[in-house]
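Visitor: Could you take one part of this model and look at it closely, beginning with a single facing pair of residues and then working outwards to whatever surrounds it?

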Amino acid sequence: MPLSARAHQTFGPPAPVARPFGAPRARRAAASALAVLAVAGPVAGCAAASSGSAGAAAHGSAGASSAAAGTGATASSPGTAGSPASASSCAGQDASATTSASPGAGAGAGSGTGTGQSPALAAVQFTDSGHGWVAGAGRIMATSDGGASWTRQYAGTADLDQVDFIDGEHGWAAGGGSLLRTTDGGASWTALAEPCQGGLSSVHFVSSTLGYAVAAKAAAEQPPGGQDTTALGGSLLRTTNGGSTWSAVTSAPANPQSACFANADDGYLGTPAHIWRTTDGGQHWTLALTEPGATGSADAGADTPEIECAGASGLWVLFLGQGAAMEHEPYLAYASQDGQQWHGVLEQQYTESTLRPTLKLPEGPGSYPGPFSAIDAGSAAFVGYTPPVGYGVAPVMLASDNGHALTSEGNVGTINEPMAAAFLSQAQGWVIGENLKTNAFDVEATSNAGRTWTTEYTVG
């Protein structure tokens, strides 16, 4: 993903919009990219475990054939077999600070107090049809009535772009070098020390104590001329105390971009153009999927994977390509229900037809990639971004029947540029993003599979 902060431009309809390449992805990855540039989070120092053991990990079963990708290969990952080693110790303190919810802060209340590196709204999650959270620059908002009303739970300096709840009480928010934790549904948030290994992206918790994340290296540590990626050549981390300290999973494949886990044993890891699987808590990794090779591109075969786990063995993958042509940017999606058999779901045909002319997947929901949400092992919702249409639209596409059936469901409410999506079912879902006409960020909700949308919260 590009490292640039989101562009601030003014567009005038009805002429097509000339958006900079990768703008939606840059906004969705604001914290993962900018965290490595942050001088300090809300807490001084950094946290690392002084010793580690095989704490647990991931999601899937060993081995995998990739019929759709044409690889059929199984390989052991680089790294040492056995118990994942801990991170090296570093100076710092596991200091913390607690902030209480802002009483009476309802929908639309107050402006963010972050540094402005992240969008005003950048992440969304619902644990059930009633309880959900959205996070962005200097804010966390929560609802307990399905979005009918929203309460501000956090107002501070953290530039948040991730939120992860395992139930209605235990949750984490991260971004811009900050990591926050709650154990009471967000009534109060505790700031944790940033890991010594770097800013966190792809934060995912399995329980109130066990979690995983990808740590990005500092920009100065990146090799010259390297590819723009979410993780910036980072490492996979594990915590067994709710995020207070972290240790490196040294047996994991190199250069992780994203990770997700179903339980203490089964998980997936995405590296450029590859998906890896573990069934023993990260001690061993097996190559599960290799993206089909591309031609005519300097970055061919090095696309950045975004992944979402579904069930004990299911996975949805969105490979994000590099470069753009005529306001079209390459992307393609894959799905597996068991980590062994993979199915190509959709692609951006204008660009992918040149890069991978023999692939021929169905057309995706937009000319640029947007967010997606795994509903279960057999279905997911994809949101795109199409800047050539005036200010742009955010079309929605539902994948069902294990990704073999696709249904276009129109465009998301007032949002032009989508940032994140959370679907509980094919009918019920939420999308957050920006209205480029007003420069406001909205939470949009649907209860009929995207045919109509309701604006539930607006900031800006």
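Guide: Phe319 stands opposite Leu332 in strand 21, and that pair belongs to a stretch where strand 20 (residues 314–320) and strand 21 (residues 331–336) run antiparallel, joined by 6 bridges. Before going further, please keep in mind that this is a predicted model, in which local features need pLDDT of at least 70 and side-chain atom pairs count only at pLDDT 80 or more, while totals for chains, interfaces and linings use all residues. Residues are numbered from 1 along each chain as its sequence is written, and side-chain values use heavy atoms, with hydrogens and water left out. Strands (E, at least two residues) and helices (H or I, at least four) are DSSP runs, numbered from the N terminus, and two strands are said to pair if DSSP finds at least two bridges between them.

The pairing just described is part of an open sheet of 4 strands, which are ordered 19-20-21-22 and pair in the antiparallel sense. Its edges are strand 19 (304–310) and strand 22 (343–347), each of which pairs on one side only. On average, neighbouring strands of this sheet are turned by 20 degrees against each other, with direction ignored; the axes behind such a value are lines fitted to C-alpha atoms, for helices over the stretch in contact, and angles run from 0 to 180 degrees between N-to-C directions.

Strand 19 also carries one end of a covalent link. The structure holds 1 disulfide, a term that stands for a pair of cysteine sulfur atoms within 2.5 Å, and here the sulfur atoms of Cys260 and Cys309 are 2.0 Å apart. Because Cys260 lies in strand 15 (residues 258–261) and Cys309 in strand 19, the pair ties together parts that are 49 residues apart in sequence. The torsion about the S-S bond is about 85 degrees, so the disulfide is right-handed. Cys260 counts as buried at 3% relative accessibility, and Cys309 is likewise buried, at 18%; buried means under 20% relative accessible area, exposed over 50% and partly exposed in between, with a 1.4 Å probe and protein chains only.

Two backbone details are worth a look elsewhere along the chain. Ala273, in the loop between strand 16 (267–271) and strand 17 (274–278), has a positive phi of about 70 degrees although it is not a glycine, and Ala273 is buried at 1% relative accessibility. Lys360 also has a positive phi, of about 55 degrees, without being a glycine; this residue is found in the loop between helix 3 (349–355) and strand 23 (368–376), where Lys360 is exposed at 67% relative accessibility.

Further along, strand 27 (residues 417–423) has 7 of its 7 residues buried, so it is largely enclosed by the rest of the structure. A hairpin of 5 residues joins strand 27 to strand 28, and the two pair in the antiparallel sense over 6 bridges, strand 28 covering residues 429–435. Within this pairing, Phe423 stands opposite Gly429 in strand 28.

Asn416 sits in the loop between strand 26 (405–411) and strand 27 and is buried, with a relative accessible area of 6%. Its side chain reaches the backbone oxygen of Gly392 at 2.8 Å, and a polar atom of that side chain lies 2.6 Å from the backbone nitrogen of Leu436. Not counting residues up to four places away in sequence, Asn416 touches residues including Tyr385, Tyr391, Glu434 and Lys437, where contact means heavy atoms within 4.5 Å.

Strands 27 and 28 also take part in the largest nonpolar core, to which strand 3 (123–126), strand 4 (132–143), strand 29 (440–446) and strand 30 (454–459) belong as well, each of these strands supplying at least two residues. That core has 16 residues, with Leu121, Trp150, Ile432 and Val443 among those that have the most contacts inside it; a nonpolar core is a set of buried Ala, Val, Leu, Ile, Met, Phe, Trp, Tyr and Cys residues joined through side-chain atoms within 4.5 Å. Leaving aside neighbours within four places in sequence, Val443 is in contact with residues including Leu121, Val134, Trp150, Ile432 and Tyr457.

As for the whole protein, there are 3 helices and 30 strands, and buried residues make up 57% of its 460 residues.

Notes. Polar contact = N/O pair within 3.5 Å; in protein donor to acceptor, adjacent residues only side chain to side chain.
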